[in-house]
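Work through the exercises below with the sequence and the 3D structure at hand. Try each task before reading its solution.

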Amino acid sequence: QVLLCASNQNNSIVECWSLRKEGLPVNNIFQQISPVVSDKQPMILKWRILSATNDLDRVSAVALPKLPISLTNTDLKVANDTKFFPGLGLALAFHDGSVHIVHRLQRTAGPLVHFKAMQLSWTSLALAGIDNHGKLSMLRISPSMGHGLDMNMSLRHLLFLLEYCMVTGYDWWDILLHVQPSMVQNLVEKLREEYMRQNAALQQVLSTRIVAMKASLCKLSSSTIARVCDYHAKLFLIAISCTLKSLLRPHILNTPDKSPGDRLTEICSKITDIDIDKVMINLKTEEFVLEMPTLQSLQQLIQWVGDFVLYLLASLPNQGSPVRPGHSFLRDGASLGMFRELMVVIRIWGLLKPSCLPVYTATSDTQDSMSLLFRLLTKLWLCCREENHITEPDDALIDECCLLPSQLLIPNIDWLPINDGIISKLHNNQLRQFGKAPGLVGHTVSSQFDAFVRAPGQPKIDHLRRLHLGAFPTEECKSCTR
């Protein structure tokens, strides 16, 4: 397709042309000699005009949609009932300050300020522009281009776009602009159903992306905030596991055997002993030798693993409350298995450099805290290691976990990054709605995440590297809002 926009000092014209294949008609005389089969009919390429807008006011900027019309080349299995596409519109800005989407020709007179440059987001649900005074503005564009849709159809629109972003890797922030709190639960469940329909290889590729997508969706509803904490923790656990395993090297180069990380996973899954040292002796410890500075630089990540395991086990007696952060981990055999593997690695590294071990505040100087936690963690892991055969923890395990607060100081987990990105301003009327005149900026609403916001005196933490920055850092530092 080719888009043509021509302007003079007063007016503009916009035309959209498409190059299409068309059948070349064969004269009846030749049909009698050799009938043409439909699939072998001669074809010819012709330019056809799709749409044209005449007598427009003078155009100052143009923005094209990025979402393709067809997704037939992707590997995503799309359900038959979701083969629809949101209204893809061409955005035109005029010198009178108004913005015009080609699907909607109604325009009202606006101010003399007008856009000089515009850009549509990846799914064409948001439009950003810079005006002739240098001000950056963003407009929220309805997926239905202003047409009324029932809740079911709106959910299908948004679900399809989320799947598209999940497969392509594009950021889905503009889709979140249109998700209402009442939609969150339904979208998360449908997204998981669509994910489970994909083949195993694609699921593995998208495994962390869907967790991040669920986390950003659950942030939009106060009833799902505890699940956001779990999703963030799961992403961080996966990142730490990949990082620590990548440091392991085979002691003999060019070995056709499995990598040390794969062997670690295999051995820890086979040996179900609750004694950490008995599991450790089955590993080739020479593969775990690292330089001392490298080991020390990992201490803050190791500390997070130790703190999280202690928090999870101490919260096991209260497992009946789904609003408590960490609840989903108590029946997640895969995640508990990852924690178990990491504790074995940390135990080996502690023999090389004791200062890299997690620090616990214990009531007894003779208590081996890591052995205690590994024993309880293994018992919990054995209850849910098989996804289709999950059993409840026995009373003995729950009783032991009840005693943990009297044996070890339970840490406060710093769950979430500071929530001050664009999406957190959804309800502050700071975004312009397409089709509605911008009104006064509303008052700032209180955060719905107050229960998880860091207190003023608490130390600030770099959430990407788990570095403690102090309660009052001496230098200005940037924070990740995602």
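In this chain, 68% of the contacts with a separation of 6 or more are between residues 24 or more positions apart. The model is a predicted one.

**Exercise 1. The chain as a whole**

Task: State how many helices and strands the chain has, and what percentage of its residues is buried.

Solution. Begin with the secondary structure: the chain contains 13 helices and twelve strands. Next take the burial. The chain has 482 residues, and 42% of them are buried.

**Exercise 2. Helix H4**

Task: Check the span of helix H4 against 1.5 Å a residue, then find which of its residues are buried and what covers them.

Solution. Step one is the span. H4 runs over residues 184–196, which is 13 residues, and the expected span is 1.5 Å times one less than that number. This gives 18 Å, and the end C-alpha atoms are 18 Å apart, so the two agree.

Step two is burial. The buried residues of H4 are Val-184, Leu-187, Val-188, Leu-191, Glu-194 and Tyr-195. These residues lie on the same side of H4, because they cover an arc of only 130 degrees around the axis.

Step three is the cover. Among the elements over the buried residues of H4 are helix H2 (151–168), helix H5 (200–218) and helix H6 (225–246).

**Exercise 3. Helix H12**

Task: Repeat the span check for helix H12 (residues 369–384) and say how many of its residues are buried.

Solution. H12 has 16 residues, for which 22 Å is expected at 1.5 Å a residue. From first C-alpha to last, H12 reaches 23 Å, close to that value. As for burial, 13 of the 16 residues are buried, so H12 is largely enclosed by the rest of the structure.

**Exercise 4. Two residues of one loop**

Task: Decide whether Glu-287 is buried or exposed, do the same for Glu-291, and find how far each is from a residue elsewhere in the chain.

Solution. Place the residues first. Glu-287 is in the loop between H8 and H9. Glu-291 is also in the loop between helix H8 (276–280) and helix H9 (292–297).

Now apply the cut-offs: under 20% relative accessible area is buried, and over 50% is exposed. Glu-287 has a relative accessible area of 4%, so it is buried. Glu-291 is at 58% relative accessibility and therefore counts as exposed.

Last come the distances. Glu-287 and Arg-249 are 38 residues apart in sequence, and their C-alpha atoms are 5.4 Å apart. Between Glu-291 and Leu-352 there are 9.3 Å from C-alpha to C-alpha, with the residues 61 apart along the chain.

**Exercise 5. Buried residues and their surroundings**

Task: For Gln-299 and Ser-241, name the contacts beyond four places in sequence; for Ser-124, describe the phi angle.

Solution. Gln-299 belongs to helix H10 (residues 299–315). Its relative accessibility is 16%, so Gln-299 counts as buried. Leaving out residues up to four places away in sequence, Gln-299 touches Ser-355, Cys-356, Leu-357, Pro-358 and Val-359.

Ser-241 is part of helix H6. With a relative accessible area of 4%, Ser-241 is buried. Its contacts, apart from neighbours within four places in sequence, are Met-338 and Leu-342. Ser-241 and Val-305 are 64 residues apart along the chain, and their C-alpha atoms are separated by 9.7 Å.

Ser-124 sits in the loop between strand S7 (115–120) and strand S8 (126–131). The phi of Ser-124 is near 60 degrees, a positive value in a residue other than glycine. Ser-124 counts as buried, because its relative accessibility is 5%.

**Exercise 6. Pocket and cavities**

Task: Give the volume of the largest pocket and of the largest cavity, and describe what lines each.

Solution. Take the pocket first. The largest pocket holds about 1400 Å³ of space. It is lined by 38 residues, and those closest to its centre are Arg-192, Val-211, Lys-214, Lys-234 and Asp-332. H4, H5, H6 and helix H11 (333–352) each give two or more residues to this lining. By class, the pocket lining has 15 nonpolar, eleven polar and twelve charged residues.

Turn to the cavities. The whole structure has two cavities of 30 Å³ or more. The largest cavity contains about 60 Å³ of space. Ten residues line it, and the closest to its centre are Leu-330, Arg-331, Cys-383, Thr-391 and Pro-393. The cavity lining consists of six nonpolar, two polar and two charged residues.

Note on methods. Residues numbered from 1 in each chain as written. Predicted model: local features only at pLDDT ≥ 70, side-chain atom pairs only at ≥ 80, totals over all residues. Heavy atoms only, no water. 1 Å grid on protein atoms, 1.4 Å probe; cavity = no way out; pocket = protein on both sides within 12 Å on 5 of 7 lines; lining within 4 Å. Points joined across faces, edges and corners; volume = space filled by probe spheres on them. Nonpolar A, V, L, I, M, F, W, Y, C, P; charged D, E, K, R; others polar. Helix = DSSP H or I, 4+ residues; strand = E, 2+ residues; numbered from the N terminus. Buried < 20%, exposed > 50% of the residue type's maximum accessible area, 1.4 Å probe, protein only. Arc of directions from axis to C-beta. Contact = heavy atoms within 4.5 Å.
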